[in-house]
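Please open the structure in your viewer and keep the selection tool at hand. The stops below go from the whole chain to single residues, and each one begins with something to select.

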Amino acid sequence: MSDKEKRTHEDDDFQRQLRDMMKNANVKFMFGGPGMGATAEEPEEKPGETAPDHTMEILESIRKFNLKPREIRDYLDRFVISQDDAKKVLSVAICDHYNHVRQCVDHPELQEKDYAKQNVLMLGPTGVGKTYLVRCLARLIGVPFVKADATKFSETGYVGYDVEDIVRDLVRLADGNTELARYGIIYIDEIDKIAGKNTQGIKDVSGRGVQVNLLKLMEETEVNLVSQTDILGQIQAVMAMQSGRGAPQRTINTRHMLFIVSGAFDKLAEQIKQRLGRQQIGFDTSLHRETEDTSDFLRQVQSADLMQYGFEPEFVGRLPVRVAFNHLTSEDLENILLNAEDSILQQYRQDFEGYGIRFNIPSEGVSEVAREAATEETGARG
């Protein structure tokens with residue numbers, strides 16, 4: 001193959017890759033032959049066809065937000081069993097935050113005033129309803145909601161995700177509407193995994209770096225809507241400018257986004273237990289362990305405990321609302337099976353109905369399933 005043929009083959013490969021990338025952007029490319037330029041066309045719009053836009057409807061619902069904490073708690077009671085303290089704390093935090101958002105929507109001049117957000121830290125074992133509670137809250141308010149695990153973030157973003165990617169994900173879930181995304185909820189799980197612990201005198205720099213970057217988001221910062229590594233997003237921005245639509249919005253402010261973080265904090269309960277001077281001394285501690293609930297200690301968490309665990313003081317200060325979740329007992333699991341909306345038993349009934357089978361389970365069977373699930377120690381997922 002000659003050099004000219006190789007260059008032609010490489011050009012064809014590049015054009016094919018670029019065409020595939022722009023297919024997702026709804027932009028048509030027409031390529032000429034070798035040595036000829038490429039032209040772009042705007043996607044054709046059919047007469048009377050408009051893109052659906054629910055932004056005004058959602059913003060209007062925020063403008064009319066008048067829910068009371070009791071009403072939010074009653075709504076959560078339909079889906080999440082137990083966790084009464086957590087539901088009360090979250091209900092008050094949500095009401096305080098979206099009452100402020102409502103005022104900002106009605107009076108834009110208030111958006112520039114300082115505001116201490118009610119960011120929430122949730123502590124508790126897996127499967128007790130932390131993520132489900134936040135998802136139900138976002139569904140009730142009607143705002144965009146995005147969830148991410150803290151373990152996938154890295155300080156630089158070259159290995160793993162940049163922390164700002166979660167804000168861009170929120171904008172994408174809002175169909176690209178920044179006016180709606182700026183009032184969304186960001187939920188970060190496994191936050192305890194980025195605690196910068198001291199291990200043999202060596203500081204976990206990576207965990208500290210992620211904390212510092214998250215700190216900027218939780219307080220207030222401008223986030224670029226197009227990442228430097230997002231080639232497709234950069235091409236879309238250039239095409240929007242060339243089409244005459246003007247430069248799209250490049251950044252979004254995180255001042256009014258509510259951040260909720262959670263983690264199991266397995267070792268923190270033991271740390272608090274030592275601080276309270278209740279560590280068991282002796283050989284036979286099995287009975288003592290059976291009667292102890294780690295959530296009893298997590299309820300007594302203090303800022304000093306979190307900093308000793310490995311969090312930066314500034315990071316802890318941006319999470320003023322803290323709540324501990326209880327372990328689910330077999331009685332709680334049985335109540336979930338019988339009384340929670342969207343219970344797994346309801347799903348089984350619907351699955352069997354698809355085969356023309358009527359599914360029924362006696363109360364003794366439900367109790368036995370709950371007891372076995374409790375031994376799994378995976379919460380409601382059991």
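Two strands are said to pair here if DSSP finds at least two bridges between them. With that in mind, and remembering throughout that this is a predicted model, the tour can begin.

**The whole chain**

Select everything to start with: the chain holds 17 helices and eleven strands, and of its 382 residues 39% are buried. Its exposed surface comes to about 22,500 Å², of which carbon and sulfur atoms supply 49%. If you count the contacts in the chain with a separation of 6 or more, 76% of them join residues 24 or more positions apart.

**The five-stranded sheet**

Next, select the strands S4, S5, S10, S3 and S11, which form an open sheet in exactly that order, with parallel pairing. Which strands stand at the edges? They are S4 (145–149) and S11 (321–324), and each has a single partner strand, so one side of each is left without a neighbour in the sheet. If you look along the sheet, the twist from one strand to the next averages 15°.

Now go through the pairs, recalling that strands of a sheet pair through backbone hydrogen bonds, either parallel or antiparallel. Begin with S4 and S5 (residues 185–189), which pair in the parallel sense over five bridges; to see one of the matched positions, select Ala148, whose bridge partner in S5 is Ile188. Moving on, S5 and S10 are paired in the parallel sense over four bridges, and here Ile186 stands opposite Phe259 in S10. Then take S3 and S10, which likewise pair in the parallel sense, over four bridges, with Leu121 having Val261 in S10 as its bridge partner.

**Strand S10 on its own**

Keep S10 selected and hide the rest for a moment. In a regular strand the side chains alternate between the two faces of the sheet. How many of the six residues of S10 are buried? Six of the six are, and the strand is mostly covered. On one side you will find Leu258, Ile260 and Ser262, and on the other Phe259, Val261 and Gly263, so that both faces of S10 are covered.

**Helix H5 against the sheet**

Bring the sheet back and add helix H5 (residues 130–141), which packs on it, touching S3 (120–123), S4, S5 and S10 (258–263). The direction of H5 makes about 175° with that of S5. This helix has twelve residues and reaches 17 Å from its first C-alpha to its last, close to the 16 Å expected at 1.5 Å a residue.

Colour its buried residues, which are Lys130, Thr131, Leu133, Val134, Cys136, Leu137, Ala138 and Ile141. Is Cys136 buried or exposed? Its relative accessibility is 0%, and since the cut-off for buried is under 20%, Cys136 counts as buried. Another cysteine to select is Cys95, which at 3% relative accessibility also counts as buried. A search of the whole structure for disulfides finds zero. Before leaving the helix, step to Gly142 just after H5, where phi takes a positive value of about 90°.

**From S10 to helix H10**

Follow the chain out of S10 into the loop between S10 and H10, where Phe265 has its place. Phi of Phe265 is near 50°, which is a positive value in a residue other than glycine, and Phe265 is buried, with a relative accessible area of 1%. Continue into helix H10 (residues 268–275), where the buried residues are Leu268, Ala269, Gln271, Ile272 and Lys273. H10 is followed by Gly277, whose phi is positive, near 70°.

**The loop between H6 and H7**

For the last stop, select the loop between helix H6 (165–173) and helix H7 (178–181), where Asp175 lies. Asp175 has a phi near 55°, again a positive value in a residue other than glycine, but Asp175 is exposed, with a relative accessible area of 71%. In that loop you will also find Gly176, which at 46% relative accessibility counts as partly exposed. Finally, draw a distance between the C-alpha atoms of Gly176 and Leu225: they are 49 residues apart along the chain, and 9.4 Å separates them.

Definitions and conventions. Residues numbered from 1 in each chain as written. Predicted model: local features only at pLDDT ≥ 70, side-chain atom pairs only at ≥ 80, totals over all residues. Heavy atoms only, no water. Buried < 20%, exposed > 50% of the residue type's maximum accessible area, 1.4 Å probe, protein only. Helix = DSSP H or I, 4+ residues; strand = E, 2+ residues; numbered from the N terminus. Axes fitted to C-alpha atoms, helices over the stretch in contact; angles between N-to-C directions. Contact = heavy atoms within 4.5 Å. Disulfide = S-S within 2.5 Å. Areas by Shrake-Rupley, 256 points an atom, 1.4 Å probe, with all protein chains shown as cover. Expected span 1.5 Å × (residues − 1).
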